[in-house]
Amino acid sequence: LDQQFEQYFRDESGLNRKNIVDNRVHCCLYFISPFGHGLRPLDVEFMKAVHDKVNIVPILAKADTLTPAEVNKMKSKIREEIKSYGIKIYQFPDCDSDEDEEFKQQDQELKDSIPFTVIGSNTVVEAKGRRVRGRLYPWGIVEVENPTHCDFVKLRNMLIRTHMQDLKDVTRDVHYENYRAQCIQSMTRMVVKERNRNKLTRESGTDFPIPIVSGLTDNETEKIIREKDEELRRMQEMLQKIQQQMHGQNPEGL
């Protein structure tokens, strides 16, 4: 995640900014084991480590190993633990007031489906005269794309059809901007530290080694120092603008 953000930041800071290839990760499907009593310590640590860098969509794997009652219980348990541990997962945007009731109902069903249950299968079986992707058991067939068996169809529609652009927008406006602001802050601190070190060097005369570039006159050295000061000023102004934008978009600072 950091590597992709870093590459995008480098490309954005370059000269050819019109042809940037966006390889940033817009969604992380985090699979949770059904064999347990909720989130494991590893699940909590991992999601908290990346929830400020990517949109996390929790997935309850191997849903065919649970009964419908167990699925509902497991979902409620996971939602409670995500909230209690302060894990920030992807939040579906609220519907506009002028949206029709059918769309509002679909949106609420998506929110209630968290974590999405999925069933994996790499085989096609025949069920009631039609071929479907699923798993064949002695007691029947579990269909991957049957909404009564799991949430795969809801998850696919959410990722590809209804919420793809919002996932990208959250990556751009929240996760990447946070990373960008941290980079600029780090660069600013380095420039300030370097400027202070050069200032101390000039004042002390001998306490610190002076980084001399051969062939430069005193006037050229002063010119370089002034250019660094001007660069620092521009970076500080840019950082202030980014922070103002972030505060304006998210009053709570999330």
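**Exercise 1. Decide whether C183 is buried or exposed.**

Step 1: Get the cut-offs straight: buried means under 20% relative accessible area, exposed over 50%, and partly exposed in between (1.4 Å probe, protein chains only).
Step 2: C183 has a relative accessible area of 17%, so C183 is buried.
Step 3: Try C150 too: its relative accessibility is 3%, so C150 counts as buried.
Step 4: Now look for disulfides, meaning pairs of cysteine sulfur atoms within 2.5 Å. The structure holds zero of them.

A quick word on what you're looking at: this is a predicted model, where local features need pLDDT of at least 70, side-chain atom pairs count only at pLDDT 80 or more, and totals for chains, interfaces and linings use all residues. Residues are numbered from 1 along each chain as its sequence is written, and side-chain values use heavy atoms, with hydrogens and water left out.

**Exercise 2. Find the nonpolar core that has C183 among its residues.**

Step 1: A nonpolar core is a set of buried Ala, Val, Leu, Ile, Met, Phe, Trp, Tyr and Cys residues joined through side-chain atoms within 4.5 Å.
Step 2: Start with the largest core, which has 28 residues; L39 and F116 have the most contacts inside it.
Step 3: Apart from that core lies another, of seven residues, and C183 is among them, along with F5, Y8 and F9.
Step 4: Here's the wider background: in soluble globular proteins, nonpolar side chains tend to be buried together.

**Exercise 3. Place D151 and list what it touches.**

Step 1: Helices (H or I, at least four residues) and strands (E, at least two) are DSSP runs, numbered from the N terminus. D151 sits in the loop between strand 6 (140-143) and helix 5 (152-162).
Step 2: With 7% relative accessibility, D151 counts as buried.
Step 3: Contact means heavy atoms within 4.5 Å. Skip residues up to four places away in sequence, and D151 touches K75, S113, P115, F116 and T117.

**Exercise 4. Work out the strand order of the open sheet.**

Step 1: Two strands pair if DSSP finds at least two bridges between them.
Step 2: Strand 4 and strand 5 (residues 130-137) pair in the antiparallel sense over four bridges. Want an example? V125 has V132 in strand 5 as its bridge partner.
Step 3: The open sheet has three strands in the order 4-5-6, with antiparallel pairing. Strand 4 (124-127) and strand 6 are the edge strands, each pairing on one side only.
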